[in-house]
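Student: Please take a close look at one part of the model shown below, and describe what surrounds that part. Give the cut-offs as you go.

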Amino acid sequence: KVYEAQKTADFDIVKLNKIYPFSDELLNSLLTYETIDVFEEVVKNGGIGEHILPLLKEKGYKGEFKIHAINNKFVPASSVETALMKNGLDIESIRSI
C-alpha cells in the first residue's frame, strides 16, 4: 500500500528484505534523511522502528523519526483494508502525512 501512496507523493521507500541485523549501509543511508517515517502493519512495541531508532541515535541522527504502527492494542476481525484504515496505515492516511 505504501508503494501505491508513493505514486502521488514525494518520498522514498526503503523496503527491508533482511530485517536483522541492520547493515551499516542501511543505517548510513537513513542518516541522510531529515525525516523518517516507519510504517509497520504490526504492534508498535518491539517493531522494526523501535530497533532502528536507537541505532540511528548512536550514529548521531538528529532528525525527526516517527513510527506508524498499531498502537499496542487488539485488532478485531475485519477486512485488511478496514483494519489498515482504523489504524492509520491505509493509503489515504499515508498520503496525508
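Tutor: What follows is a description of helix 3 and its surroundings.

This is a predicted model, in which local features need pLDDT of at least 70 and side-chain atom pairs count only at pLDDT 80 or more, while totals for chains, interfaces and linings use all residues. Residues are numbered from 1 along each chain as its sequence is written, and side-chain values use heavy atoms, with hydrogens and water left out.

First, the setting. The protein has 5 helices and 2 strands, arranged from the N terminus as α-α-β-α-β-α-α. Helices (H or I, at least four residues) and strands (E, at least two) are DSSP runs numbered from the N terminus. The C-alpha atoms fill a box of roughly 40 × 30 × 25 Å along the principal axes. Of the 97 residues, 27% count as buried; buried means under 20% relative accessible area, exposed over 50%, and partly exposed in between, with a 1.4 Å probe and protein chains only. A contact means heavy atoms within 4.5 Å. Among contacts between residues at least 6 apart in sequence, 66% join residues at least 24 apart.

Helix 3 spans residues 48-58, and its buried residues are I48, G49, I52 and L56. Viewed down the helix axis, these buried residues fall within an arc of 85 degrees, so they line one face of helix 3. The arc is taken from the directions that run from the helix axis to the C-beta atoms. As background, an α-helix has 3.6 residues a turn, so residues three or four places apart point the same way.

The buried residues of helix 3 pack against helix 2 (24-30), strand 1 (35-43) and strand 2 (64-70). L56 gives a detailed case: leaving out residues up to four places away in sequence, L56 touches L27, L30, L31, I36, Y61 and F65.

L56 and I52 also belong to the largest nonpolar core, which has 13 residues; together with F22, L30, I36 and F65 they touch the most other members. A nonpolar core is a set of buried Ala, Val, Leu, Ile, Met, Phe, Trp, Tyr and Cys residues joined through side-chain atoms within 4.5 Å. Helix 2, strand 1, helix 3 and strand 2 each supply at least two residues of this core.

Next comes the end of the helix. Just after helix 3, G60 takes a positive phi of about 95 degrees. K59 forms a salt bridge with D24, with the closest N and O atoms 3.7 Å apart. K59 lies in the loop between helix 3 and strand 2 and D24 lies in helix 2, so the pair ties together parts that are 35 residues apart in sequence. A salt bridge here is a side-chain nitrogen of Lys or Arg within 4 Å of a carboxyl oxygen of Asp or Glu. A search of the whole structure finds 1 salt bridge. K59 counts as partly exposed, at 37% relative accessibility.

Last, strand 2, one of the elements that helix 3 packs against. H68 sits in strand 2 and is buried, with a relative accessible area of 10%. Not counting residues up to four places away in sequence, H68 touches D37, V38, F39, E40, L89 and I97.
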